[in-house]
Amino acid sequence: MADALLSVQNLSVDFHTVRGTVHAVRNVSWSINRGETLAVLGESGSGKSVSASAVMNILDIPPAQIVGGEILFEGKNLLAMSNEQRRAINGKRIAMIFQDPLSHLNPVYPVGWQISEMMTAHGRPADEARARTLELLGRVGIPEPENAVRKYPHQFSGGQRQRLMIAMALALKPDILIADEPTTALDVTIQADVLALLKELQAETGMGLVLITHDLGVVAEIADRVVVMSNGEIVEQGSVRDVYHAPQHPYTQKLIAAAPGKGDIRILAPDLPVLLEARKLCKVYGRFTALQDVSITLARGQSLAVVGESGSGKSTLARSILRLEEADSGEAFWKGQDLLKMSHRELLGVRRQIQMVFQDPTQSLNPRMSVYQLISEGWDIHNLVPDRAQRQQRVRELLEQVGLSAEHATRYPHQFSGGQRQRIAIARALALEPELIICDEAVSALDVSIQAQVIALLDDLRQRLGISFLFIAHDLGVVRDFADTVIVMKSGEIVERGPTEQIFSAPSHPYTQRLLAAALDPDPDVQAKRRIALAQA
Amino acid sequence: MSDLSTVTPAPSEKQRTWPLVSMLWRDKLAFVSALVLVVIVLFAIFGPMLLGDLATSQNLRGRNSPPFDLARGWAFILGGDSLGRPMLARLIVAARSTMLVAAGTVAVAMIVGATLGLLAGYLGKHVSQAIMRLADVIMSFPSLLIAVIVLYVLGPSIPNMILVLAITRIPIYLRTTRAEVLEVRQRMFVQAAVVMGASNGRIILRHILPVVAPTLVTIATLDFAFVMLAESSLSFLGIGIQPPDITWGLMVSQGRPYLTTAWWLAFWPGLLIVITTLSLNLLSNWMRVALDPAQRWRLEARSTANG
Amino acid sequence: MTKLISQRAIASLLSLLGLLVLVFFLSRLTGDPAALFLPIDATEEMKAQFRAINGLDLPLIEQFGRYVWDFIHLDFGESLRKARPAIDVVLEAYAWTFPLALITMALVIVASIVLGALAAFNVGGFFDRLVSIVSLIGASAPDFWIAIVAIVIFSINLAWLPTSGVGTPWHWIMPIGVLFIRPFGLIVQVVRGSMLAALTAPYVKTARAKGVRNLPIIFVHTLRNAMLPVITVIGDQAAAMLNGAVIVETIFGFPGIGKLMIDSILQRDFNVVLAAIMVTAIAIFLMNILIDIAYGLLDPRIRH
């Protein structure tokens, strides 16, 4: 360990915030050599990015303060070096890429200039840098490099921007590349491409790769070793296979158990009455087609998942049914009545019966309303539950139903964690006793362990109260655990539909097949088999 | 159920009753500013009642008497003016019309601007465009020139001053309100209210206005300073408030001929304008942070760190 | 980019048209425009004659047509005080105000960018506090008061600078100095805030991870991004400089557009007032286009 190329030893970092000192990481040690891939796995707030930021000298000091430990690179302590010495290592020997390439690229300079700067900053002549930039753009798969160098970051897609970041990071053939959640904001098929590119480039250059992620699937796909972090400490480390199959620490065990996509697949009970039927919905924004002849049927008690990547039109479908947006044409029958033709008065009655849970509870709960006000607002609107004592009783019941407690009613959303906020949003939806709840990416902003809890809660509500669900999601594992029927959308059209079992075991449309192949399984062995199968195909 | 363990404790009863005041107390500069403004407002309200006669009684022996001389009584501590009236009393009486014009202007501009802004943000594209173009016309022209011209045509008086200055300030509130409404409307909690069936009125009053209001109050504080400066400029130029009414700006103008012999005639009212506008600026800077829930923790938290 | 500028040009033209209509109706609002245009002691015969000559007895719509026609030809009639075409009087005055405003604005921009940026790098430090306090006072002080305090100190007590007129370069110092204070106070705060925000932007982290030196990070990566909000404020303040010019020119006897405007109003020379308004509106219109071009040059997202 001590003679590794880069090793972080007993690093402790504090953040001095106005609320007091937070121990961001304590006694963290890991190391990496050329050719290796190390994953640093953790949920939000675990401190997984802090040690990498310390390596790159990009911690904001203050508020951060390194209170102990060393970072050895080729045996020399980076923390004892001058800024000028560290600047010479940054980019040239150790490079880094980030989660959100749009904000991490400078918006006002052409990308070619930004990639060349990596080389000119380390003393390479400008013409050499220019030539190498073109070569790099071609290597990472950016079409028409001569044109691309003159373009600005906003003119590329999300996946392309991450490729540009990779090209920039690899310009000087660094010994180590640190990738901080490099694929988190990307669609699954693009995530698979970017991870494959990283692996190819690693094989070519022999660099060491440190991958910071929250996603067990990414770890299984790419890493040799893994370091699991929780609350600023390393709770477990070892080879990916050992950690997955025989986790020692309770936190790791919980994390692995919570990974979605492993439970029983639900079967839809036959002959249920139809609740919602949409026919040939169309919606066009300018030149972009969001919905093209989309038809769906949803029965009472059914949970229908709509799966697709960004821009597939899955959210527009939900919003059109709820009339948050007006569809251009088509019909949507709710118990036989066309929702899209209803007057505002008629719609008001239906609004009670269909509720929605949004992606990010931080934004979907009014920050200036207490939990009591949030939950009871629907009763104000619909003139329900007029009695005050009865209201308080109902709010208490609803909070308990979603796993919160009665004393939470007087608090405000910012006093809760993300998972708790989503529970409040669910309680608000339940307050109106709806027959259908539309969940628009309702768990995708949550950490995996909390995701599992919220899914279990929704499932429980479905069984006990007989509520139907329209479940919009991009995460196939979550869909597999929750839905009995799946619809796959691409570019505004439905490409495949069927029972969950059939979609997952025998997908017929090539796009569905690609989507399933690109999805990462948390089990490294399963992932390895898929890789081999993919290579043969 | 690990996510149940991290509920922030509810604030104590005392903090909840006086959150803004205790936050203000912690920022000494903002606290002093607020105190200064309260004193000035109290003088503006009650001063003329108590000192009205003193401020108009001429005393030829006290003409241009220098300040810091208590021989003629405390009222002459800041000196006497060219007709021998005590400066202190004159300043206090002038505070009333100065504040009246500024407060009237800000109130009119804020109410009209915010209402139009809410409408422009919530109504169709055409109404919105028409309202915004009108605001552009007003905004594209230096405000003092608009005021000069309109007062030239309509004649100077306090209501006309308020009217003219309000017209030049309405676009500020209008634009801010509209921009915020357009942004807040897209927020998920507004969409959530729509899904529940909330009416437009309920959405505007319960969900949008509470988010927009702090910004408006912050701007109004800053704007109060701007309007005061504009009014004093107009009065100084002789096209604003006319004697026998009096404001600080007019007092500076009246003191100008005596610069070489009695500097205090023009100096004190100007200094009061500086102190007032400076306090308003400081308070507005503080409010920008204090009234924004996303930034408020900076002020709240400092106390816990200090114990 | 050209589309953006032409859109803005059309919007500005509409604004100009709006202003034309506004002035027209304001001047007719008082009941008798002759009273506005003629000296206060004008006789009834003079007024009648004036109405006939200027077509004030014609139907309102025809009057408006003539008014617009004259405007297009920049024909605003004669100045009553100077017995010369009003437009000539106005352009002459602008020849004084333009250099005054230009020099002041150049100084404001340089000073506020340099001091604002330095304050942002030194956030919380002594220099930062100093800049914050000076800028707040600058933004709060009434310019007419600063002007007369300056006269008391530099002209009366120290006798260094002349009180009024335009004879020598010395005459320009106090007008520029007073005109400088408010826009400087406002812009320096914006530069500081914008720079602070830009310094914490994610692309600065990328640049540091690339091993870029501090100076290029500050002046190449950050400053250009930080300038975007500043440009808007500079535009507003350049237009508002005419507010300051009215005060400063009146106090220092500087023969520019501000003094001309106030003198013409006090002496009821309405043709000159009208010409001054319209020339000012056109000047602001041209400046707004310059601001838009500057925006497009700095930010490619606007260009596309």
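1. Let's start with a single pair: in strand β10(A), A:E233 is the bridge partner of A:S230. Keep in mind that you're looking at a predicted model. Zooming out a little, β10(A) runs antiparallel to strand β9 of chain A (residues 225-230), and the two are paired over 6 bridges.

2. Now find the sheet these strands belong to. It's an open one with 6 strands in chain A, and if you walk across it you'll meet them in the order β6-β7-β8-β3-β9-β10, with mixed pairing. At the edges sit β6 (94-97) and β10 (233-239) of chain A, each paired on one side only. From one strand to the next, the twist averages 15°. Helix α7 of chain A (residues 158-169) packs on this sheet, where it touches β6 and β7 (176-180) of chain A, and its direction makes about 170° with that of β6(A).

3. Next, the domains. Chain A is assigned domain 1 (35-58 + 87-258) and domain 2 (274-506). Their C-alpha centres are 35 Å apart. Where they touch, domain 1 of chain A puts in 9 residues and domain 2 of chain A puts in 7 residues. On the domain 1 side, α8 (188-205) and α11 (250-258) of chain A supply at least two residues each, and α11(A) gives the most, with 3 residues. That side of domain 1 of chain A is made up of 3 nonpolar, 3 polar and 3 charged residues.

4. Last, have a look inside. The largest nonpolar core has 325 residues, and A:V210, A:A305 and A:F471 touch the most other members. Helix α4 of chain B (residues 87-122) gives the most to this core, with 18 residues. Setting aside neighbours within four places in sequence, the contacts of A:F471 include A:A305, A:C439 and A:F482.

How values were computed. Residues numbered from 1 in each chain as written. Chains lettered and ligands numbered in written order. Predicted model: local features only at pLDDT ≥ 70, side-chain atom pairs only at ≥ 80, totals over all residues. Core = buried A, V, L, I, M, F, W, Y, C linked by C-beta atoms within 7 Å. Buried ≥ 20, exposed ≤ 12 C-beta atoms within 10 Å, placed from the backbone. Helix = DSSP H or I, 4+ residues; strand = E, 2+ residues; numbered from the N terminus. Contact = placed C-beta atoms within 7 Å. Pairing = 2+ DSSP bridges. Axes fitted to C-alpha atoms, helices over the stretch in contact; angles between N-to-C directions. Domains from an automatic or database assignment. Nonpolar A, V, L, I, M, F, W, Y, C, P; charged D, E, K, R; others polar.
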